[in-house]
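Me: I'm new to this one and would like to learn how to read it. Could you walk me through a few features?

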Amino acid sequence: MSPDTKPLDDNRPVAVVTGASAGIGRATARRFVASGWRVIGVGRDRARAADAEVEIRAAARDGGGFDMLRGDFVRMAEVARVADEIAAMTARLDVLINNAGGVRDRRIVTEEGTEATFAANHLAPFLLTRELMPLLEASAADSPPGTVRVIAVSSSAHRITRGLDWDDLQSLGAFHPTAAYAKAKLATLLFTRELARRAHPHGITAQAMHPGIVASNFATHGDRTMREHMAAADTVPPEEPAEMLVWLATDAEGGREGGRYFYRGAEETPTDAARDDEAAARLWIESEKLLADLGFQQAGHR
């Protein structure tokens, strides 16, 4: 947290944006603060996070403001710490943008025993959302229905996998970088679907989106095939998906009927595997078990 950080104004809408030190997350945070929001960003790299904080604060208008927290979301201990720091900064949370993620060029097992691709793309947003739910519920209790939202950045890569492997959910056994990423992004859609069902009674709406192929540092840690694919692809600037994320977070359409999947401002139909309610419910349970085994037991059942 920056040395000059002060508790946020409880009367001003608050957003948390992960992966805010670069790319989509940075552009999204900038758009929010330019609209007068208070934003808490999360970034992994110290230098990029510091640079982003200066830039985004300079974009603030109409009382908007920005603070950056640092956390490496392949480690659940850091996710939990960041959640605690956010809770110390604000008594409310109106929008959570789960954007951080990425690809790896090989299987990497963290010191916690998780596989890095699965941890960063699924377990981290699952844990962060769970830990921030009291703040989201506090805002929802004082806001019109559908105003408080959780938006996940998924990917069309989910279309290349037929489903999750329940015997090897994290791809700790057979591992291929692209396949592992595709399954993690399928998990994102299933998590969003189940979150929408569970959070709706509390006045919270969950949606997911595909950002397109974005000109960013996304593939930096990917394998050669992924880097070559990104280098040859027609890309869009980060501002394009950032615009859609803010639209999903603030427009009435984003608050209507949760659990949907969007691309370029329109709803799309994901694969059958991504619309499997039984798999979505099972993934939630399996994710809780994984976190409990790591020592991050759910405080209460919702």
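Reply: Sure. One idea to begin with: helices and strands are DSSP runs, numbered from the N terminus. Arginine 264, for instance, sits in the loop between strand 7 and strand 8 (266-268). Keep in mind that this is a predicted model.

Me: Is arginine 264 buried or exposed?

Reply: The cut-off for exposed is over 50% relative accessible area. Arginine 264 counts as exposed, because its relative accessibility is 54%. Its phi is near 50 degrees, a positive value in a residue other than glycine.

Me: What about phi of glutamate 257?

Reply: Phi of glutamate 257 is near 50 degrees too, again positive in a residue other than glycine. You'll find glutamate 257 in the loop between helix 7 (239-250) and strand 7 (261-263), and with a relative accessible area of 54% it is exposed.

Me: Now a helix. How many residues of helix 5 are buried?

Reply: Buried means under 20%. In helix 5, 17 of the 23 residues are buried, so the rest of the structure largely encloses it. You can check its length as well: at 1.5 Å a residue, helix 5 (residues 177-199) should span 33 Å, and its end C-alpha atoms are 32 Å apart, which agrees.

Me: And which residues is serine 287 in contact with, leaving aside its neighbours within four places in sequence?

Reply: Those are His122, Leu123 and Phe126. Serine 287 belongs to helix 8 (residues 277-293) and counts as buried, at 0% relative accessibility. Its side chain makes a polar contact of 2.7 Å with the side chain of histidine 122. A polar atom of the serine 287 side chain also lies 2.7 Å from the backbone oxygen of leucine 283.

Notes
Residues are numbered from 1 along each chain as its sequence is written. This is a predicted model: local features need pLDDT of at least 70, side-chain atom pairs count only at pLDDT 80 or more; totals for chains, interfaces and linings use all residues. Side-chain values use heavy atoms; hydrogens and water are left out. Helices (H or I, at least four residues) and strands (E, at least two) are DSSP runs, numbered from the N terminus. Buried means under 20% relative accessible area, exposed over 50%, partly exposed in between (1.4 Å probe, protein chains only). A polar contact is a pair of N or O atoms within 3.5 Å; within protein, one must be able to donate a hydrogen and the other to accept it, and residues adjacent in sequence count only if both atoms are side-chain atoms. Contact means heavy atoms within 4.5 Å. The expected span of a helix is 1.5 Å times one less than its number of residues.
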